[in-house]
Amino acid sequence: MFNFTTETKRINNIIKEGEGLTDEEYIVKEINRFLASQRRKEMIDGEKYYAGAHDILKRKRQVIGEDGELEDVDNLPNNRIVDNQYQNAVDKKNNYLLGQPFSIQTQNETYLSILQEIFNARFRLLLKNAGEDSLNCGLGWILVHYDEEGKLSFKRLKPYKLIPGWKDSEHTKLDYAIRIYETIYVQKTKESIIQHVELYAPEGIYYFTYEGGKLVPNDDKPFKNYFTITDIDGKEQGYNWTKIPLIPLKYNNKEIPLIKKVKSLQDALNLIESNFINGMEEDVRNTILVLVNYDGENLAQFRKNLAQYGAVKVKTIDKSPGDVKTLQIEVNSENYKVVIELLKKAIIENARSFDAKDDRLSGSPNEMNIQSMYSDIDIDANGTEAEYQFSFEELLWFINCHLYNTGIGDFFNEKVDIIFNRNMLISESTVIDNINKSEDLSLESRIAQHPWVRRC
(Lines give C-alpha, C1' and ligand atoms only; values in the text may rest on other atoms or scores of the structure.)
Protein backbone atom coordinates (compact mmCIF):
# COMPACT_ATOMS: atom_id res chain seq x y z
CA MET A 1 0.00 0.00 0.00
CA PHE A 2 2.71 2.48 0.97
CA ASN A 3 5.66 3.14 -1.34
CA PHE A 4 8.63 3.06 1.02
CA THR A 5 12.17 2.86 -0.38
CA THR A 6 13.64 -0.56 -1.15
CA GLU A 7 15.94 -0.58 1.89
CA THR A 8 13.24 0.52 4.31
CA LYS A 9 10.83 -1.95 2.75
CA ARG A 10 13.32 -4.76 3.26
CA ILE A 11 13.84 -3.84 6.93
CA ASN A 12 10.14 -3.29 7.58
CA ASN A 13 9.21 -6.55 5.87
CA ILE A 14 11.65 -8.46 8.10
CA ILE A 15 10.04 -6.86 11.15
CA LYS A 16 6.49 -7.34 9.92
CA GLU A 17 7.03 -10.94 8.80
CA GLY A 18 8.40 -11.78 12.23
CA GLU A 19 5.42 -10.13 13.92
CA GLY A 20 2.77 -11.04 11.33
CA LEU A 21 1.79 -7.42 10.72
CA THR A 22 0.11 -5.64 7.83
CA ASP A 23 1.22 -2.13 6.77
CA GLU A 24 -1.55 -0.52 8.81
CA GLU A 25 -0.79 -2.66 11.85
CA TYR A 26 2.89 -1.78 11.58
CA ILE A 27 2.07 1.94 11.58
CA VAL A 28 -0.20 1.46 14.60
CA LYS A 29 2.65 -0.31 16.38
CA GLU A 30 4.99 2.59 15.54
CA ILE A 31 2.45 5.07 16.89
CA ASN A 32 1.96 3.17 20.14
CA ARG A 33 5.71 2.74 20.59
CA PHE A 34 6.28 6.47 20.07
CA LEU A 35 3.44 7.56 22.37
CA ALA A 36 4.88 5.45 25.21
CA SER A 37 8.53 6.32 24.54
CA GLN A 38 10.90 8.12 26.89
CA ARG A 39 11.95 10.31 23.98
CA ARG A 40 8.44 11.73 23.56
CA LYS A 41 8.12 12.20 27.32
CA GLU A 42 11.29 14.32 27.30
CA MET A 43 9.87 16.39 24.44
CA ILE A 44 6.67 17.05 26.38
CA ASP A 45 8.69 17.80 29.53
CA GLY A 46 10.63 20.44 27.58
CA GLU A 47 7.40 22.08 26.41
CA LYS A 48 5.82 21.89 29.87
CA TYR A 49 8.84 23.25 31.70
CA TYR A 50 9.18 26.12 29.25
CA ALA A 51 5.53 27.01 29.94
CA GLY A 52 6.12 26.81 33.72
CA ALA A 53 4.34 23.49 34.37
CA HIS A 54 7.05 21.99 36.60
CA ASP A 55 6.90 18.86 38.73
CA ILE A 56 7.00 20.95 41.91
CA LEU A 57 3.38 22.00 41.24
CA LYS A 58 2.29 18.41 42.00
CA ARG A 59 4.16 18.29 45.29
CA LYS A 60 2.41 17.26 48.52
CA ARG A 61 3.70 17.73 52.05
CA GLN A 62 4.33 14.44 53.80
CA VAL A 63 5.17 13.30 57.33
CA ILE A 64 6.02 9.95 58.89
CA GLY A 65 2.79 8.36 60.11
CA GLU A 66 2.12 6.09 63.05
CA ASP A 67 3.10 3.01 61.06
CA GLY A 68 6.42 4.58 60.00
CA GLU A 69 5.26 5.19 56.41
CA LEU A 70 5.01 8.56 54.71
CA GLU A 71 1.53 10.03 54.51
CA ASP A 72 0.14 13.23 52.99
CA VAL A 73 -0.82 16.08 55.28
CA ASP A 74 -2.84 19.18 54.44
CA ASN A 75 -2.21 21.31 57.54
CA LEU A 76 1.38 22.27 56.67
CA PRO A 77 2.54 25.11 54.42
CA ASN A 78 3.06 23.70 50.93
CA ASN A 79 4.55 26.38 48.71
CA ARG A 80 5.24 25.36 45.12
CA ILE A 81 7.74 27.90 43.82
CA VAL A 82 8.65 27.81 40.12
CA ASP A 83 11.85 29.76 39.45
CA ASN A 84 11.92 29.13 35.70
CA GLN A 85 15.63 29.32 34.88
CA TYR A 86 15.07 26.74 32.13
CA GLN A 87 12.79 29.08 30.18
CA ASN A 88 15.36 31.80 30.65
CA ALA A 89 18.08 29.59 29.14
CA VAL A 90 15.91 28.58 26.16
CA ASP A 91 15.04 32.19 25.35
CA LYS A 92 18.67 33.29 25.60
CA LYS A 93 19.95 30.50 23.35
CA ASN A 94 17.17 30.88 20.79
CA ASN A 95 17.43 34.66 20.59
CA TYR A 96 21.21 34.48 20.49
CA LEU A 97 21.13 32.51 17.24
CA LEU A 98 17.78 33.48 15.70
CA GLY A 99 16.86 36.78 17.37
CA GLN A 100 18.41 38.85 14.57
CA PRO A 101 17.37 38.51 10.90
CA PHE A 102 19.71 36.18 9.05
CA SER A 103 21.57 37.45 5.98
CA ILE A 104 21.41 35.95 2.49
CA GLN A 105 24.43 36.21 0.23
CA THR A 106 24.43 35.20 -3.44
CA GLN A 107 25.92 36.67 -6.62
CA ASN A 108 22.61 36.43 -8.50
CA GLU A 109 20.66 39.61 -7.71
CA THR A 110 17.41 38.19 -9.09
CA TYR A 111 17.71 35.09 -6.95
CA LEU A 112 18.58 37.23 -3.92
CA SER A 113 15.46 39.32 -4.39
CA ILE A 114 13.28 36.18 -4.66
CA LEU A 115 14.78 34.61 -1.51
CA GLN A 116 14.37 37.83 0.47
CA GLU A 117 10.69 37.81 -0.46
CA ILE A 118 10.29 34.14 0.55
CA PHE A 119 12.30 34.50 3.77
CA ASN A 120 10.19 37.41 4.96
CA ALA A 121 9.26 38.44 8.51
CA ARG A 122 6.60 35.73 8.69
CA PHE A 123 9.12 33.02 7.81
CA ARG A 124 11.71 34.38 10.25
CA LEU A 125 9.14 34.25 13.05
CA LEU A 126 8.25 30.67 12.08
CA LEU A 127 11.96 29.78 12.08
CA LYS A 128 12.42 31.30 15.52
CA ASN A 129 9.45 29.35 16.89
CA ALA A 130 10.75 26.13 15.30
CA GLY A 131 14.13 26.92 16.88
CA GLU A 132 12.37 27.02 20.26
CA ASP A 133 10.95 23.57 19.47
CA SER A 134 14.42 22.26 18.67
CA LEU A 135 15.68 23.37 22.09
CA ASN A 136 12.67 22.05 24.00
CA CYS A 137 12.34 18.78 22.05
CA GLY A 138 15.74 18.14 20.48
CA LEU A 139 14.51 18.99 17.00
CA GLY A 140 11.82 21.05 15.32
CA TRP A 141 9.96 20.49 12.04
CA ILE A 142 9.00 22.76 9.13
CA LEU A 143 6.54 21.43 6.54
CA VAL A 144 6.89 22.72 2.97
CA HIS A 145 3.47 22.88 1.29
CA TYR A 146 1.19 24.91 -0.93
CA ASP A 147 -1.62 26.85 0.72
CA GLU A 148 -5.19 27.12 -0.53
CA GLU A 149 -4.19 29.88 -2.94
CA GLY A 150 -1.41 27.74 -4.44
CA LYS A 151 1.35 29.77 -2.83
CA LEU A 152 4.50 28.08 -1.51
CA SER A 153 4.17 28.11 2.27
CA PHE A 154 5.82 26.79 5.40
CA LYS A 155 4.23 25.34 8.52
CA ARG A 156 5.63 24.49 11.92
CA LEU A 157 4.78 21.01 13.24
CA LYS A 158 5.12 19.96 16.87
CA PRO A 159 7.92 17.36 17.34
CA TYR A 160 6.01 15.28 19.90
CA LYS A 161 3.26 14.80 17.30
CA LEU A 162 5.51 13.56 14.49
CA ILE A 163 7.28 10.21 14.03
CA PRO A 164 10.10 10.34 11.46
CA GLY A 165 11.05 7.28 9.42
CA TRP A 166 14.71 7.85 8.63
CA LYS A 167 16.48 6.27 5.68
CA ASP A 168 19.92 6.49 7.28
CA SER A 169 21.47 6.13 10.72
CA GLU A 170 22.67 9.78 10.62
CA HIS A 171 19.04 10.95 10.36
CA THR A 172 19.62 13.13 7.30
CA LYS A 173 17.07 11.64 4.87
CA LEU A 174 13.41 10.85 5.46
CA ASP A 175 11.68 7.83 3.99
CA TYR A 176 8.30 8.62 5.55
CA ALA A 177 6.78 10.43 8.51
CA ILE A 178 3.70 9.86 10.65
CA ARG A 179 1.89 12.81 12.16
CA ILE A 180 -0.58 12.28 15.01
CA TYR A 181 -2.83 15.00 16.40
CA GLU A 182 -6.24 15.52 17.97
CA THR A 183 -9.24 17.70 17.15
CA ILE A 184 -12.41 18.29 19.15
CA TYR A 185 -15.66 17.52 17.34
CA VAL A 186 -18.78 19.20 18.75
CA GLN A 187 -22.20 17.77 17.95
CA LYS A 188 -25.00 19.69 19.63
CA THR A 189 -23.85 19.77 23.27
CA LYS A 190 -21.59 16.73 23.11
CA GLU A 191 -17.85 16.97 22.57
CA SER A 192 -15.70 14.15 21.30
CA ILE A 193 -11.98 13.92 20.60
CA ILE A 194 -10.92 12.63 17.20
CA GLN A 195 -7.39 11.33 16.74
CA HIS A 196 -5.99 11.99 13.28
CA VAL A 197 -3.08 10.25 11.58
CA GLU A 198 -1.29 11.58 8.49
CA LEU A 199 1.25 9.42 6.70
CA TYR A 200 3.73 11.40 4.59
CA ALA A 201 4.95 8.88 2.01
CA PRO A 202 6.92 9.36 -1.26
CA GLU A 203 3.72 9.12 -3.33
CA GLY A 204 1.70 11.58 -1.25
CA ILE A 205 -0.20 11.94 2.01
CA TYR A 206 -2.56 9.32 3.43
CA TYR A 207 -5.21 10.46 5.93
CA PHE A 208 -6.66 8.29 8.70
CA THR A 209 -8.48 8.47 11.98
CA TYR A 210 -7.23 6.36 14.86
CA GLU A 211 -10.17 4.47 16.37
CA GLY A 212 -10.04 1.58 18.80
CA GLY A 213 -6.37 0.94 18.13
CA LYS A 214 -6.92 0.74 14.36
CA LEU A 215 -6.34 3.02 11.38
CA VAL A 216 -9.53 3.99 9.56
CA PRO A 217 -9.14 5.78 6.20
CA ASN A 218 -10.63 9.27 6.25
CA ASP A 219 -13.77 9.15 4.14
CA ASP A 220 -13.62 12.86 3.27
CA LYS A 221 -9.94 12.85 2.27
CA PRO A 222 -8.20 9.45 2.22
CA PHE A 223 -5.26 10.58 0.06
CA LYS A 224 -3.82 13.56 -1.79
CA ASN A 225 -0.67 14.46 -3.69
CA TYR A 226 1.69 17.04 -2.26
CA PHE A 227 0.63 19.61 -4.85
CA THR A 228 -1.45 19.94 -8.02
CA ILE A 229 -0.88 21.80 -11.28
CA THR A 230 -3.68 22.93 -13.58
CA ASP A 231 -2.97 22.28 -17.25
CA ILE A 232 -4.08 24.35 -20.24
CA ASP A 233 -7.38 22.43 -20.40
CA GLY A 234 -8.21 23.38 -16.82
CA LYS A 235 -7.63 19.90 -15.45
CA GLU A 236 -5.75 19.44 -12.17
CA GLN A 237 -2.92 16.94 -12.12
CA GLY A 238 -1.38 15.73 -8.86
CA TYR A 239 2.39 15.79 -8.40
CA ASN A 240 4.82 14.85 -5.64
CA TRP A 241 8.24 15.92 -4.50
CA THR A 242 11.06 13.40 -4.79
CA LYS A 243 11.74 14.04 -1.10
CA ILE A 244 9.47 14.09 1.93
CA PRO A 245 8.73 17.84 2.37
CA LEU A 246 9.64 17.96 6.07
CA ILE A 247 12.68 19.92 7.19
CA PRO A 248 14.22 18.96 10.57
CA LEU A 249 15.84 21.64 12.72
CA LYS A 250 18.13 19.82 15.15
CA TYR A 251 19.45 21.38 18.35
CA ASN A 252 22.38 18.95 18.16
CA ASN A 253 23.34 15.90 16.14
CA LYS A 254 22.05 13.54 18.85
CA GLU A 255 18.69 15.37 18.97
CA ILE A 256 18.99 15.66 22.76
CA PRO A 257 16.55 18.22 24.19
CA LEU A 258 17.90 20.89 26.51
CA ILE A 259 15.55 19.84 29.33
CA LYS A 260 17.41 16.52 29.63
CA LYS A 261 20.55 18.40 30.65
CA VAL A 262 19.02 20.60 33.35
CA LYS A 263 15.72 19.11 34.58
CA SER A 264 17.17 17.69 37.81
CA LEU A 265 18.86 21.02 38.57
CA GLN A 266 15.67 22.97 37.84
CA ASP A 267 13.66 20.63 40.08
CA ALA A 268 16.23 21.02 42.88
CA LEU A 269 16.07 24.82 42.59
CA ASN A 270 12.28 24.82 42.79
CA LEU A 271 12.39 22.47 45.78
CA ILE A 272 14.98 24.39 47.78
CA GLU A 273 13.14 27.70 47.29
CA SER A 274 9.80 26.10 48.18
CA ASN A 275 11.31 24.52 51.30
CA PHE A 276 12.78 27.85 52.38
CA ILE A 277 9.40 29.58 52.16
CA ASN A 278 7.75 26.66 53.95
CA GLY A 279 10.30 26.94 56.75
CA MET A 280 9.71 30.65 57.12
CA GLU A 281 5.94 30.14 57.30
CA GLU A 282 6.12 27.33 59.84
CA ASP A 283 6.68 29.83 62.67
CA VAL A 284 5.10 27.61 65.31
CA ARG A 285 7.12 24.57 64.23
CA ASN A 286 10.36 26.54 64.20
CA THR A 287 9.93 26.52 67.95
CA ILE A 288 9.44 23.09 69.54
CA LEU A 289 7.28 23.42 72.66
CA VAL A 290 8.01 21.15 75.64
CA LEU A 291 4.87 20.81 77.82
CA VAL A 292 4.98 20.06 81.51
CA ASN A 293 1.63 19.33 83.25
CA TYR A 294 -0.43 20.74 80.38
CA ASP A 295 -4.06 21.45 81.33
CA GLY A 296 -5.74 20.02 78.25
CA GLU A 297 -6.95 16.87 76.60
CA ASN A 298 -4.59 16.51 73.61
CA LEU A 299 -2.09 18.29 71.42
CA ALA A 300 -4.73 19.28 68.89
CA GLN A 301 -6.54 21.26 71.61
CA PHE A 302 -3.23 22.78 72.69
CA ARG A 303 -2.48 24.03 69.19
CA LYS A 304 -5.97 25.47 68.87
CA ASN A 305 -5.74 27.33 72.18
CA LEU A 306 -2.30 28.65 71.32
CA ALA A 307 -3.41 29.89 67.91
CA GLN A 308 -6.73 31.30 69.15
CA TYR A 309 -5.82 32.85 72.48
CA GLY A 310 -2.05 33.09 72.44
CA ALA A 311 -2.05 31.47 75.90
CA VAL A 312 -1.59 28.00 77.43
CA LYS A 313 -3.06 26.74 80.71
CA VAL A 314 -0.78 24.59 82.87
CA LYS A 315 -1.29 23.10 86.36
CA THR A 316 0.61 21.69 89.32
CA ILE A 317 0.57 17.93 89.76
CA ASP A 318 2.15 16.23 92.77
CA LYS A 319 3.80 19.53 93.72
CA SER A 320 5.45 19.66 90.27
CA PRO A 321 4.66 23.03 88.71
CA GLY A 322 3.49 23.18 85.11
CA ASP A 323 5.61 24.88 82.52
CA VAL A 324 6.11 25.42 78.81
CA LYS A 325 9.67 25.32 77.57
CA THR A 326 10.97 25.95 74.07
CA LEU A 327 13.62 24.52 71.78
CA GLN A 328 14.40 27.06 69.06
CA ILE A 329 15.10 25.93 65.47
CA GLU A 330 16.88 28.54 63.35
CA VAL A 331 16.25 28.77 59.61
CA ASN A 332 19.64 29.79 58.25
CA SER A 333 18.80 31.89 55.20
CA GLU A 334 22.47 32.15 54.21
CA ASN A 335 22.66 28.40 53.64
CA TYR A 336 19.65 28.55 51.35
CA LYS A 337 21.11 31.54 49.52
CA VAL A 338 24.39 29.73 48.83
CA VAL A 339 22.62 26.60 47.53
CA ILE A 340 20.25 28.64 45.35
CA GLU A 341 23.14 30.55 43.76
CA LEU A 342 25.04 27.30 43.15
CA LEU A 343 22.00 25.72 41.46
CA LYS A 344 21.39 28.75 39.25
CA LYS A 345 25.02 28.77 38.20
CA ALA A 346 24.89 25.03 37.50
CA ILE A 347 21.81 25.47 35.30
CA ILE A 348 23.57 28.18 33.29
CA GLU A 349 26.69 26.03 32.86
CA ASN A 350 24.87 22.82 31.96
CA ALA A 351 22.53 24.64 29.57
CA ARG A 352 25.56 26.40 28.06
CA SER A 353 23.85 29.73 28.51
CA PHE A 354 25.26 32.95 29.98
CA ASP A 355 24.73 35.11 33.05
CA ALA A 356 23.62 38.62 32.09
CA LYS A 357 24.57 39.77 35.60
CA ASP A 358 28.11 38.40 35.30
CA ASP A 359 30.74 40.38 37.21
CA ARG A 360 32.73 40.63 33.98
CA LEU A 361 30.12 43.11 32.72
CA SER A 362 30.57 45.52 35.61
CA GLY A 363 32.14 48.88 34.90
CA SER A 364 33.33 49.23 31.32
CA PRO A 365 33.78 45.67 30.03
CA ASN A 366 36.18 45.14 27.17
CA GLU A 367 35.62 42.88 24.19
CA MET A 368 37.63 40.02 25.73
CA ASN A 369 35.46 39.99 28.87
CA ILE A 370 32.30 39.93 26.77
CA GLN A 371 33.59 37.09 24.59
CA SER A 372 34.59 35.13 27.68
CA MET A 373 31.10 35.45 29.12
CA TYR A 374 29.55 34.29 25.85
CA SER A 375 32.03 31.45 25.21
CA ASP A 376 29.76 28.56 26.31
CA ILE A 377 26.66 29.72 24.45
CA ASP A 378 28.79 30.50 21.40
CA ILE A 379 30.31 27.01 21.29
CA ASP A 380 26.88 25.41 21.61
CA ALA A 381 25.49 27.73 18.94
CA ASN A 382 28.25 26.61 16.55
CA GLY A 383 26.93 23.05 16.66
CA THR A 384 23.30 24.15 16.30
CA GLU A 385 24.16 26.45 13.41
CA ALA A 386 25.85 23.59 11.55
CA GLU A 387 22.61 21.59 11.85
CA TYR A 388 20.52 24.57 10.74
CA GLN A 389 22.78 25.18 7.74
CA PHE A 390 22.03 21.65 6.56
CA SER A 391 18.31 22.33 7.10
CA PHE A 392 18.53 25.42 4.91
CA GLU A 393 20.19 23.37 2.15
CA GLU A 394 17.21 21.03 2.21
CA LEU A 395 14.79 23.96 2.31
CA LEU A 396 16.48 25.67 -0.65
CA TRP A 397 16.14 22.47 -2.68
CA PHE A 398 12.33 22.68 -2.36
CA ILE A 399 12.36 26.40 -3.12
CA ASN A 400 14.50 25.83 -6.21
CA CYS A 401 12.13 23.09 -7.38
CA HIS A 402 9.20 25.47 -6.94
CA LEU A 403 10.93 28.24 -8.87
CA TYR A 404 11.84 25.84 -11.67
CA ASN A 405 8.40 24.19 -11.88
CA THR A 406 6.61 27.55 -11.98
CA GLY A 407 8.88 28.85 -14.74
CA ILE A 408 10.49 31.56 -12.63
CA GLY A 409 13.99 30.28 -13.23
CA ASP A 410 16.62 27.59 -12.74
CA PHE A 411 18.66 28.45 -9.64
CA PHE A 412 19.89 24.97 -8.69
CA ASN A 413 23.53 25.82 -9.39
CA GLU A 414 23.49 29.17 -7.62
CA LYS A 415 25.64 29.37 -4.49
CA VAL A 416 23.82 30.74 -1.45
CA ASP A 417 25.23 31.53 1.98
CA ILE A 418 22.86 31.85 4.93
CA ILE A 419 24.58 33.89 7.64
CA PHE A 420 23.15 33.82 11.16
CA ASN A 421 23.75 37.19 12.83
CA ARG A 422 24.19 36.27 16.48
CA ASN A 423 22.65 38.52 19.07
CA MET A 424 25.78 39.09 21.16
CA LEU A 425 26.40 42.09 23.38
CA ILE A 426 29.35 43.97 21.88
CA SER A 427 31.53 46.94 22.67
CA GLU A 428 30.50 49.08 19.70
CA SER A 429 33.29 51.60 20.12
CA THR A 430 35.92 48.82 19.99
CA VAL A 431 34.36 47.22 16.90
CA ILE A 432 34.10 50.53 15.03
CA ASP A 433 37.67 51.40 15.93
CA ASN A 434 38.90 48.04 14.59
CA ILE A 435 36.86 48.48 11.39
CA ASN A 436 38.39 51.91 10.78
CA LYS A 437 41.86 50.47 11.22
CA SER A 438 41.21 47.62 8.74
CA GLU A 439 42.13 49.66 5.67
CA ASP A 440 43.20 46.55 3.72
CA LEU A 441 39.58 45.37 3.59
CA SER A 442 37.16 46.66 0.99
CA LEU A 443 34.62 49.31 1.95
CA GLU A 444 31.82 46.78 1.36
CA SER A 445 33.39 44.28 3.80
CA ARG A 446 33.90 46.94 6.47
CA ILE A 447 30.34 48.24 6.13
CA ALA A 448 28.99 44.67 6.45
CA GLN A 449 30.70 44.34 9.86
CA HIS A 450 29.64 47.77 11.16
CA PRO A 451 27.30 47.45 14.20
CA TRP A 452 25.09 50.32 13.02
CA VAL A 453 24.35 48.76 9.63
CA ARG A 454 20.99 47.01 9.40
CA ARG A 455 21.34 43.55 7.85
CA CYS A 456 18.69 42.10 5.60
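Which residue in strand 5 is the bridge partner of Trp141? It is Leu157. The legends below cover close-up views of a predicted model.

**View 1. Strand 4 and strand 5 form an antiparallel pair.** Six bridges join the two strands. One of the facing pairs is Trp141 with its bridge partner Leu157 in strand 5. Strand 4 covers residues 139-146, and strand 5 covers 152-157.

**View 2. Three strands make an open sheet.** The strand order is 5-4-14, and the pairing is antiparallel. Strand 5 and strand 14 (246-250) are the edge strands. Each of these edges pairs on one side only. On average, neighbouring strands of the sheet are turned by 25° against each other, direction ignored. Strands of a sheet pair through backbone hydrogen bonds.

**View 3. Helix 11 lies across the sheet strands.** The helix spans residues 375-405. Strand 4, strand 5 and strand 14 all lie under its crossing. Relative to strand 14, helix 11 runs at about 165°.

**View 4. Strand 12 and strand 13 build a hairpin.** Strand 12 (residues 227-230) and strand 13 (residues 236-239) run antiparallel. Four bridges join them. Phe227 stands opposite Tyr239 in strand 13. Five residues sit between the strands. In this hairpin, Gly234 takes a positive phi near 85°.

**View 5. The second largest pocket has a volume of about 700 Å³.** Its lining counts 32 residues. Closest to the pocket centre are His145, Tyr146, Asp147, Lys224 and Tyr226. Several elements each supply at least two lining residues: strand 4, strand 7 (174-187), strand 8 (190-201), strand 9 (204-211), strand 12 and helix 11. By residue class, the lining divides into 14 nonpolar, nine polar and nine charged.

**View 6. The largest cavity has a volume of about 90 Å³.** A search of the whole structure finds three cavities of 30 Å³ or more. The largest cavity is lined by 14 residues. Lys93, Asn94, Leu97, Leu135 and Thr384 lie nearest its centre. Helix 4 (85-98), helix 6 (121-137) and helix 11 each give two or more residues to this lining. The lining residues divide into eight nonpolar, four polar and two charged.

**View 7. Helix 11 links several of these views.** Helix 11 lies across strand 4, strand 5 and strand 14. Helix 11 also supplies at least two residues of the lining of the second largest pocket. The lining of the largest cavity takes two or more residues from helix 11 as well.

Methods: Residues are numbered from 1 along each chain as its sequence is written. This is a predicted model: local features need pLDDT of at least 70, side-chain atom pairs count only at pLDDT 80 or more; totals for chains, interfaces and linings use all residues. Side-chain values use heavy atoms; hydrogens and water are left out. Two strands pair if DSSP finds at least two bridges between them. On a 1 Å grid over the protein atoms alone, a cavity is a set of points where a 1.4 Å probe fits but cannot get out, and a pocket is an open set with protein on both sides within 12 Å along at least five of seven lines; lining residues have an atom within 4 Å of a point. Grid points are joined across faces, edges and corners, and a volume is the space filled by probe spheres set on the points. Ala, Val, Leu, Ile, Met, Phe, Trp, Tyr, Cys and Pro count as nonpolar, Asp, Glu, Lys and Arg as charged, and the others, Gly among them, as polar. Axes are lines fitted to C-alpha atoms, for helices over the stretch in contact, and angles run from 0 to 180 degrees between N-to-C directions. Contact means heavy atoms within 4.5 Å.
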